[in-house]
Amino acid sequence: FVLREETFMSNCYTRQQIYLLNQLRLLWSQHAYWTRFFIISTASDLPDLPIVTGRLLQNPKDFAGLLATFYGTCSARELQNLLTEHLKIGGDLVTASKNKEKDKAAQLKRQWYENAQEIACFLAEINPCWDKCKWETMLKSLLDMSEKEASLRLSGNYAADTEIFGDIESEAMIMADYMFYGIIQQFFC
């Protein structure tokens with residue numbers, strides 16, 4: 001993945017800043033990958049589902065650990081709680097879809113998108129360089145693609161499922177870069 005020139009003001013970053021960028025990219029990538037592994041394990045009734053779920057739910061803790069440096073423990077914990085809720089709702093949505101529980105899936109989908117709006121609002125509140133509408137757009141795009149990915153996997157359309165995951169990977173990098181840029185603007189400029 002290439003850093004987007006229009007996203008970054010400067011091409012000169014410190015070692016600490018590059019470490020931050022790499023950590024954010026790693027965390028957003030892990031978010032995408034462990035979500036995918038959860039979908040696959042759920043769809044195929046794999047025995048690794050509890051382990052995969054546990055690892056997926058580690059991701060919000062890892063985000064909190066990194067962001068606490070900039071936003072303090074309370075804000076980091078709030079983000080951790082929002083992301084954990086996000087993943088749990090998404091997991092329940094995949095399970096309800098697999099079990100063909102349409103009403104339950106529709107309710108969970110609404111909750112999932114509402115939670116994404118809460119995350120966008122929270123991020124915009126803690127960093128004035130992060131735009132709420134931009135976060136809403138990116139999160140909605142990620143949710144739309146993740147929902148499609150799960151649907152394709154559950155229906156056995158593995159080629160299309162794999163193809164859309166490439167788009168999810170790209171969106172995760174865009175989100176990581178945007179998060180990095182906002183932190184750089186807020187704390188280093």
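**Exercise 1.** In this predicted model, decide whether glutamate 85 is buried, partly exposed or exposed, and then find which patch on the surface it belongs to.

*Solution.* The relative accessible area of glutamate 85 is 37%. Buried would require a value under 20% and exposed a value over 50%, so glutamate 85 falls in the class in between and is partly exposed. The next step is to place the residue, and glutamate 85 turns out to lie in helix α3. On the surface, Glu85 gathers with Glu78, Glu114 and Glu118 in a patch of negative charge. Two helices, α3 (58–98) and α4 (102–126), each supply at least two residues of this negative patch.

**Exercise 2.** Determine which residues of the largest nonpolar core touch the most other members, and which element gives the largest share of that core.

*Solution.* The largest nonpolar core has 47 residues, and those that touch the most other members are Leu24, Trp130, Trp135, Met179 and Ile183. Two or more residues of this core are given by each of the elements α1 (15–43), α3, α4, α5 (132–154) and α6 (158–188). The largest share comes from α6, which gives twelve residues. As a general background to such a core, nonpolar side chains tend to be buried together in soluble globular proteins.

**Exercise 3.** Establish whether serine 41 is buried or exposed, and state how far it is from threonine 53 in sequence and in space.

*Solution.* Serine 41 has its place in helix α1. Its relative accessibility is 2%, and because buried means under 20%, serine 41 counts as buried. Along the sequence, serine 41 and threonine 53 are twelve residues apart, while the distance between them in space, taken from C-alpha to C-alpha, is 9.3 Å.

**Exercise 4.** For aspartate 45 and lysine 100, find the sign of phi, then locate each residue and classify its accessibility.

*Solution.* The starting point is that most residues other than glycine have a negative phi. Aspartate 45, although it is not a glycine, has a positive phi of about 50 degrees. Aspartate 45 lies in the loop between α1 and α2 (49–56), and with a relative accessibility of 60% it counts as exposed, because the cut-off for that class is over 50%.

Lysine 100 is likewise not a glycine, and its phi is positive at about 60 degrees. The loop that holds lysine 100 runs between α3 and α4, and at 68% relative accessibility lysine 100 counts as exposed.

Terms used
Residues are numbered from 1 along each chain as its sequence is written. This is a predicted model: local features need pLDDT of at least 70, side-chain atom pairs count only at pLDDT 80 or more; totals for chains, interfaces and linings use all residues. Side-chain values use heavy atoms; hydrogens and water are left out. Patches are made of residues with over 30% relative accessible area and no salt bridge: like charges are joined within 9 Å, nonpolar side chains (Val, Leu, Ile, Met, Phe, Trp, Tyr) within 5 Å. Accessible areas come from the Shrake-Rupley method with a 1.4 Å probe; for residues, only the protein chains shown count as cover. A salt bridge is a side-chain nitrogen of Lys or Arg within 4 Å of a carboxyl oxygen of Asp or Glu. Lys and Arg count as positive and Asp and Glu as negative; His and the chain ends are not counted. The place of a charge is taken as NZ of Lys, CZ of Arg, CG of Asp or CD of Glu. Helices (H or I, at least four residues) and strands (E, at least two) are DSSP runs, numbered from the N terminus. Buried means under 20% relative accessible area, exposed over 50%, partly exposed in between (1.4 Å probe, protein chains only). A nonpolar core is a set of buried Ala, Val, Leu, Ile, Met, Phe, Trp, Tyr and Cys residues joined through side-chain atoms within 4.5 Å.
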